[in-house]
Amino acid sequence: MIEARHLRVLRAVAATGSFSAAGRELGCTQPAVSQQMKALETSVGTPLLVRSGREMRLTQAGEALVRHAAGILSGLTAAEEEVAAIAGLRAGRVRLVSFPSGSSTLVPTALAALRAEHPGTRVSLEEAEPPESVDALRAGDCDVALAFRYARVPGAAPAEEWDDLVVRPLLTDRLVALVPERHRLARVAAVAIGELAAEPWIAGCPRCRGQLVEVCERAGFTPRIDFATDDYPAVVGLVGAGLGVAVLPQLAIESVRPRGARAVTLEPAVRREIVALTLPDLAQVPAVAATLERLERAAGATRAT
């Protein structure tokens, strides 16, 4: 294997014409130069220099290696500088995948802080609900996944396992009932989900829809879902128009102005855990670690408000 230090010695010998002169240029002894040249010739399996008296002359193989050495060494230098910039957060890239209500609440605050502190770090954002976002992380298609899972309750399906991932807990998000502002329950402090059994329902994303059905069935009824949409503003708009009721995460309500609708505390409480996920090796990358830290700070600010 050709080592970069050997290539630097070869270039110095070719430029100066002798081991002693190359040694002076490189700050080492003539025997050290001779030793490294022998090691390089052993590596490539052919002579690189012809010694004629006090002069050194490159062989054809030596000329070829010197010709390529400039590009190799300059590329290596550029790589070292780029890696140093990434390690020092002067550069870097993070691919973030988030679910929509996280994208509109936690992500903007986190990325604004990251850009202010480390303007050379670039973050791309795509949206996906878990488990698709978690699958993308495991497949290497992103570096950080903002995800959620619902708290386990007796009789419910097991929570999604993340044992192979680095899990950074961010906050606990409570589900709330959303009813038209003229609804009979719009002014109550809290509502049991069973009190909404006879209402038409607007359901959200497939995972949230499944959670809604599970919660309702534990309360003794199956919800009549008239509308289903992945778009939270659309859910709010449909409720505001009096077309039904819904259950949404508090984080989603905070990202949308609920015109014509009112949020009511849901009892018993149903919560989901919001987390940032990455792979163990990626957690050591400075730009990824900084992104996780800013997401945690943004979640702390959300809890404080």
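This report walks through the inside of a predicted model, its charged pairs and some details of its backbone.

## The nonpolar cores

Start with the packing inside. The largest nonpolar core holds 58 residues. Within this core, Ile193 and Trp201 touch the most other members. Ile193 has contacts with Trp201 itself, and with Leu212, Val215, Cys216, Ala219, Phe221, Val247, Leu266 and Glu267. That list leaves out residues up to four places away in sequence.

A separate core of 16 residues lies apart from it. Its members include Ala12, Val33, Met37 and Leu49.

## The cavity

Now look for empty space. The model has 1 cavity of 30 Å³ or more. The space in the largest cavity is about 130 Å³. Its lining is made of 16 residues. Leu175, Cys208, Leu212, Val247 and Leu248 lie nearest the centre. Two of these names have come up before: Leu212 and Val247 are also touched by Ile193.

Four elements each give two or more residues to the lining of the largest cavity: strand S8 (200-203), helix H7 (206-218), helix H8 (232-240) and strand S10 (246-249). What kinds of residue form this lining? The split is 14 nonpolar, 2 polar and no charged.

## Salt bridges across the chain

Side chains of opposite charge can pair when their charged atoms come close. This structure holds 15 salt bridges. One of them joins Arg95 and Asp143, at 3.0 Å from N to O. Arg95 sits in strand S3 (residues 92-98), while Asp143 sits in the loop between helix H6 (132-138) and strand S5 (144-150). The two residues are 48 apart in sequence, so their pairing ties together separate parts of the chain. Is each partner buried or exposed? Arg95 is partly exposed, because its relative accessibility is 23%. Asp143 is buried, with a relative accessible area of 7%.

A second bridge links Arg149 and Glu273, with the closest N and O atoms 3.1 Å apart. Here the partners belong to two strands: Arg149 to S5, and Glu273 to S12 (residues 271-278). They are 124 residues apart, so this pair links distant parts of the chain. Arg149 counts as buried at 19% relative accessibility. The cut-off for buried is under 20%. Glu273 has a relative accessible area of 26% and is partly exposed.

## Another pair and a network

Asp230 and Arg209 also meet through their side chains, in a salt bridge of 3.9 Å from N to O. Asp230 is in the loop between strand S9 (224-228) and H8. Arg209 is in helix H7. The two are 21 residues apart, and the pair links distant parts of the chain. Both partners are partly exposed: Asp230 at 48% relative accessibility, and Arg209 with a relative accessible area of 26%.

Salt bridges can share partners too. In this way Glu117, Glu293, Arg294 and Arg297 are joined into one network.

## Helix H2 and its neighbours

Helix H2 spans residues 19-26. Phe19, Ala21, Ala22 and Gly23 in this helix are buried. What do the buried residues of H2 pack against? Their partners are two helices, H1 (4-16) and H3 (30-44), and two strands, S1 (49-52) and S2 (55-58).

Gly27 follows H2. The phi angle of Gly27 is positive, near 75°.

## Cis peptide bonds

Which residues does a cis peptide bond join? Pro130 and Pro131 are joined by one, with omega about 10°. Pro131 is in the loop between strand S4 (121-127) and H6.

The bond from Glu267 to Pro268 is also cis, and its omega is near -5°. Pro268 lies in the loop between strand S11 (261-267) and S12. Glu267 has appeared already, as one of the residues that Ile193 touches.

## An exposed arginine

Finish with Arg115, in helix H5 (residues 100-117). Arg115 is exposed, with a relative accessible area of 59%. Its C-alpha atom is separated by 38 Å from that of Ala69. Along the chain, Arg115 and Ala69 are 46 residues apart.

Technical notes: Residues numbered from 1 in each chain as written. Predicted model: local features only at pLDDT ≥ 70, side-chain atom pairs only at ≥ 80, totals over all residues. Heavy atoms only, no water. 1 Å grid on protein atoms, 1.4 Å probe; cavity = no way out; pocket = protein on both sides within 12 Å on 5 of 7 lines; lining within 4 Å. Points joined across faces, edges and corners; volume = space filled by probe spheres on them. Nonpolar A, V, L, I, M, F, W, Y, C, P; charged D, E, K, R; others polar. Core = buried A, V, L, I, M, F, W, Y, C linked by side-chain atoms within 4.5 Å. Buried < 20%, exposed > 50% of the residue type's maximum accessible area, 1.4 Å probe, protein only. Contact = heavy atoms within 4.5 Å. Salt bridge = Lys/Arg side-chain N within 4 Å of Asp/Glu carboxyl O.
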